[in-house]
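Student: Could you take one part of this protein and go over it closely with me? I'd like one connected account that starts from the whole and then follows your chosen part through its surroundings.

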Amino acid sequence: MQILITYSSGFGTTREVAEKIGQILQQADLLSVDLLPIDEVSTVAPYDTVILGSSIRAGHPLANMVDFIALHRHHLESKRVAIFLVCLCANSEEGRCKAMEDQLPQLLRRFPNLHPFAVEAFGGKIDFDKLNPVMRKLMRHVLEQSGLPADGSVDTRDWKLIEQWALRLRDELASAARTSPVTADK
Ligand SMILES: Cc1cc2nc3c(=O)[nH]c(=O)nc-3n(C[C@H](O)[C@H](O)[C@H](O)COP(=O)(O)O)c2cc1C
C-alpha cells in the first residue's frame, strides 16, 4: 500500500510528529511511505492512503493545508484519509477533545465528502525566542488559556500518545493492505 504523509508546519513541530508517524508506519512490510512537506506534493494520485498533518494558528489549520485539500479534494474523497492537528491547546485530554470538537469539524465542514478514517490532535511546541512581537502577543493569550508558561520553550507533545496513534494506523493499514484492493489511481 502506497501511503503519503504530508504536513504543513511553521516551525518544524508538525514535521517532527509526521516523521515519527512515518517511522512507525514503515515498520510494516506491506506499507510504503512517502513523507513530504505539503508544498512539495503535486499529486495524490499514486497513493492509496493520505495522512494530512497541520499545526493550528489562531484557531485554524495553516492555510496551505486547507488550500491543498481544496485542490485535491476529488482525489482525496476516494482514498483513505487520516488527519492530525498539532496545537498547544491539545496539551491535555480535555484540550485534545476540544481541538477535535472545534478545529476539526470547522475544517471538515468545508469538505463534506471527505470522511477521514482516523483523526487526532496532539500537543504542540513553541519557542518564544523565534516569534516576532505580534506572534508573541497572540501566543501569550493561547498559553494563558491553556495554563502553560508564556516564556522560553514549551513542548507539550506527548510522544507516547503519538506513537500509540501511529501504531493503530500501522496495524489498520497493514490489515487493509492484506485484505482489500488498492485505491491508488492507475
Ligand atoms: C502565530 C501563532 C498562533 C498560534 N495559535 C494557536 C492557537 O490558536 N491555538 C493553539 O492551540 N495553538 C496555537 N499556536 C501554537 C502552535 O499550534 C504550536 O506552536 C505548534 O506546535 C506549531 O507547530 P509548527 O511548528 O508545526 O507550525 C500558535 C502558534 C503561533 C506561532
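Tutor: Happy to, and burial is a good place to begin: a residue counts as buried if 20 or more other C-beta atoms lie within 10 Å of its own, as exposed if 12 or fewer do, and as partly exposed in between, with C-beta atoms placed from the backbone. By that count, buried residues make up 33% of the 186 residues in the protein. Please keep in mind that this is a predicted model, in which local features need pLDDT of at least 70 and side-chain atom pairs count only at pLDDT 80 or more, while totals for chains, interfaces and linings use all residues. Residue numbers start from 1 along each chain, following its sequence as written.

Now the overall fold. Helices (H or I, at least four residues) and strands (E, at least two) are DSSP runs numbered from the N terminus, and the protein has 5 helices and 8 strands. Their order along the sequence is β-α-β-β-β-α-β-α-β-β-α-β-α. The radius of gyration, 16 Å, is close to the 16 Å that the globule rule gives for 186 residues, so the protein is as compact as a globular protein of that length. Here the radius is taken over C-alpha atoms, and the rule is 2.2 Å times the number of residues to the power 0.38. The C-alpha trace spans about 50 × 30 × 25 Å along its principal axes. If we say that two residues are in contact when their C-beta atoms, placed from the backbone, lie within 7 Å, then among contacts between residues at least 6 apart in sequence, 81% join residues at least 24 apart.

The part I'd pick is strand 5 (80-87). Of its 8 residues, 8 are buried, so strand 5 is largely enclosed by the rest of the structure. That holds on both faces: Arg-80, Ala-82, Phe-84 and Val-86 are buried on one side, and Val-81, Ile-83, Leu-85 and Cys-87 on the other.

Which strands flank it? Strands pair if DSSP finds at least two bridges between them. Strand 3 (49-57) runs parallel to strand 5 and is joined to it by 7 bridges. Strand 6 (118-123) also pairs with strand 5 in the parallel sense, over 6 bridges. Phe-84 shows both links: Gly-53 has Phe-84 as its bridge partner in strand 5, while Phe-84 has Glu-120 as its partner in strand 6.

Strand 5 also belongs to a wider interior. A nonpolar core is a set of buried Ala, Val, Leu, Ile, Met, Phe, Trp, Tyr and Cys residues joined through C-beta atoms within 7 Å. The largest one has 42 residues, and those touching the most other members are Ile-3, Ile-5, Ile-21, Leu-25, Val-50, Ile-51 and Cys-87. Strand 5 gives the most to this core, with 7 residues. Leaving out residues up to four places away in sequence, Ile-51 touches Ile-3, Leu-4, Ile-5, Ile-21 and, from our strand, Ala-82. In soluble globular proteins, nonpolar side chains tend to be buried together.

Cys-87 deserves a closer look. It lies in strand 5 and is buried, with 27 other C-beta atoms within 10 Å. Beyond its neighbours within four places in sequence, Cys-87 is in contact with Ser-55, Ile-56, Ala-99, Ala-121 and Gly-124. Arg-157 is 70 residues from Cys-87 along the chain, yet their C-alpha atoms are separated by 9.0 Å.

Finally, Cys-87 leads us to the ligand. Taking a residue as near when its C-beta atom, placed from the backbone, lies within 6 Å of the molecule, 23 residues surround the ligand, and the closest are Gly-10, Thr-14, Ser-55, Cys-87 and Gly-124. Strand 5 is among the elements giving two or more residues to this shell, though helix 4 gives the most, with 4 residues. The shell divides into 13 nonpolar, 8 polar and 2 charged residues, where Ala, Val, Leu, Ile, Met, Phe, Trp, Tyr, Cys and Pro count as nonpolar, Asp, Glu, Lys and Arg as charged, and the others, Gly among them, as polar.
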